[in-house]
Amino acid sequence: MSIDLTAASITEVVQKTFEDAEDERVKELLVRLVQHLHDFTREVRLTGEEWFKVMDFLERVGKTCTPTRQEFVLLSDILGLSVLVDLIHHPGGGSATDSTLLGPFYVEGRPTAKNGSDISGEVDGPPLFFNGQVLDPDGNPVAGAKVDTWHSDGEGLYDVQMPDKLHGQLAMRALLTTDDEGRFWYRSVAPRYYPVPTDGPCGEILRAANRSPMRPEHVHFWLHAEGFEPLITMLVRRDDPYVERDAVFGVRRSLVVDFVEHDAGETAPDGTCMDESFQAVEGTFVLARKER
Ligand SMILES: [Fe+2]
């Protein structure tokens, strides 16, 4: 009976209200969510004051979100939830490249770019040359694959974090298409390790726990190709000081690669004789076939 509730009985009463849900999966999710939320609340004996703090926190997370600032994604990331969802469905160990989290800095509306072009926009910094190849599980090239790529600048900032400097223009991100050999390549500026944004509510959690906000140097990729599963992944710099302690748990061993430093006077992968130092990174991405 819902007028004779106890701290023990309320859970089942609430769960029964979902019984008529038409969608079985929605019903399962809501019933199990209530079970775990109530169990958590009983376990820690959440106080009214703490509950108000949680509500206020979530309200502020929502108010911090904008089209280019995804605080809820960041909250999910720092709690390990984003990576957990990915690990459940993409445990790795197969022939396909491991996936990882999307992160909060992917934005819609990125420009398309031709292979070999400079995608750095108006951002200065030591050049980065990226050369990638997309393969199927048998090692054959995947031509015409769409490859989204995005990364930070040499200060660890993404374009959307410096709208004034860039006059709102997107930079260091593009959508490329693989050639007949499955290859894609571009020039940009070298990224760097960076802290996740700590000026919002998520920063309060990191500070309260004395946790590092840092992510190691990396470049993001989101690949799509006809007949294959989409792949969200990134490549991480092997000798980065934060490679073993990513604030959002997104590094997987198979995604750690060499970001090779070259001196001025050396020849870049595109054949340019460089008068400044630069980084060169290579990556091979194996897509999983879509199950029919
Ligand atoms: Fe990132």
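Begin by selecting leucine 223 in this predicted model. Leaving aside residues up to four places away in sequence, leucine 223 touches Val134, Ala145, Lys146, Val147, Pro230, Leu231, Phe285 and Leu287.

Next, extend the selection to the nonpolar interior. The largest nonpolar core comprises 38 residues, and Leu223 is among those with the most contacts inside it, together with Leu128, Val134, Val147 and Leu287. Colour the contributing strands: β1 (127–135), β2 (146–151), β3, β4 (183–189), β7, β8 and β11 (278–286) each provide at least two residues of this core. The largest share, five residues, is supplied by β1. A second core, separate from this one, has 11 residues, including Val73, Ile78, Leu101 and Ala247. In soluble globular proteins, nonpolar side chains tend to be buried together.

Now display strands β7 (residues 218–224) and β8 (residues 231–237), which run antiparallel and are joined by six bridges. Within this pair, select histidine 220, which lies opposite methionine 234 in β8.

Widen the view to the sheet around them. It is an open sheet of five strands with mixed pairing, ordered β3-β2-β7-β8-β9. Which strands stand at the edges? They are β3 (173–177) and β9 (256–257); each has a single partner strand, so one side of each lacks a neighbour in the sheet.

Finally, zoom out to the whole chain and colour by domain: domain 1 spans 1–46 and domain 2 spans 71–286. Taken over C-alpha atoms, the centres of domain 1 and domain 2 are separated by 40 Å.

Notes: Residues are numbered from 1 along each chain as its sequence is written. This is a predicted model: local features need pLDDT of at least 70, side-chain atom pairs count only at pLDDT 80 or more; totals for chains, interfaces and linings use all residues. Two strands pair if DSSP finds at least two bridges between them. Helices (H or I, at least four residues) and strands (E, at least two) are DSSP runs, numbered from the N terminus. Domain bounds come from an automatic or database domain assignment. A nonpolar core is a set of buried Ala, Val, Leu, Ile, Met, Phe, Trp, Tyr and Cys residues joined through C-beta atoms within 7 Å. A residue is buried if 20 or more other C-beta atoms lie within 10 Å of its own, exposed if 12 or fewer, and partly exposed in between; C-beta atoms are placed from the backbone. Two residues are in contact if their C-beta atoms, placed from the backbone, lie within 7 Å.
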